[in-house]
Amino acid sequence: MSFKVIAKYIKKIEFNISSAKTFFLLSEEIKNYKIKIDIKSNQFKDKLLEIELTLKLESNKLNSNNILSKVVYSTIIELEDNIDKEKLEEIILIKVPTESYPELRKIFINIFESSGFKDIKIESKIDFERLYDQRKNQ
């Protein structure tokens, strides 16, 4: 393996249900929401990288009754020497997200369930390798 996980932590949680009306409308409005995933990386020491995996629920409609739901999950990794650019991209965009996503998903679902939404459905597995290949081929 060309990297080692040093730490994982919840970096940020944003969750806001603005009113009782919003709470009750969500079951009807959920079709207007999409799950979005984002990956960012930051180098903060010589061989240390922070990879942020963000999962959020976003409405297709601009509306004051939208809920706000976003979790950023960070993984700090230490890289081995002499990693080429393509291998580094695979670590950042495939390997770390594949390993971290189940934990992020669990956190995200727990927030919704703790807020009274028992039927939140989020893909249990995401094929980050397929997404990476699609991005490369564009």
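This passage describes the pockets of a predicted model and the residues that line them. Residues are numbered from 1 along each chain as its sequence is written, and side-chain values rest on heavy atoms, with hydrogens and water left out. As the model is predicted, local features need pLDDT of at least 70 and side-chain atom pairs count only at pLDDT 80 or more, while totals for chains, interfaces and linings use all residues.

The largest pocket (an open set of points on a 1 Å grid over the protein atoms alone, where a 1.4 Å probe fits, with protein on both sides within 12 Å along at least five of seven lines) has a volume, the space filled by probe spheres set on the points, of about 280 Å³. Its lining (residues with an atom within 4 Å of a point) comprises 15 residues, of which Leu-26, Ser-27, Ile-30, Asp-119 and Ile-120 lie nearest the centre. Two or more lining residues come from each of helix 1 (20-29) and strand 2 (33-43), these elements being DSSP runs (helices H or I, at least four residues; strands E, at least two) numbered from the N terminus. Helix 1 gives the most, with four residues. By class, this lining has nine nonpolar, two polar and four charged residues (nonpolar: Ala, Val, Leu, Ile, Met, Phe, Trp, Tyr, Cys and Pro; charged: Asp, Glu, Lys and Arg; polar: the others, Gly among them).

The second largest pocket holds about 230 Å³ of space. Ile-37, Asp-38, Ile-39, Leu-93, Ile-126, Phe-128, Leu-131, Tyr-132 and Arg-135 line this pocket. Strand 2 and helix 3 (128-136) are the elements that give two or more residues to the lining of the second largest pocket, and helix 3 gives the most, with four. Seven residues of that lining are nonpolar and two are charged, with no polar residue.
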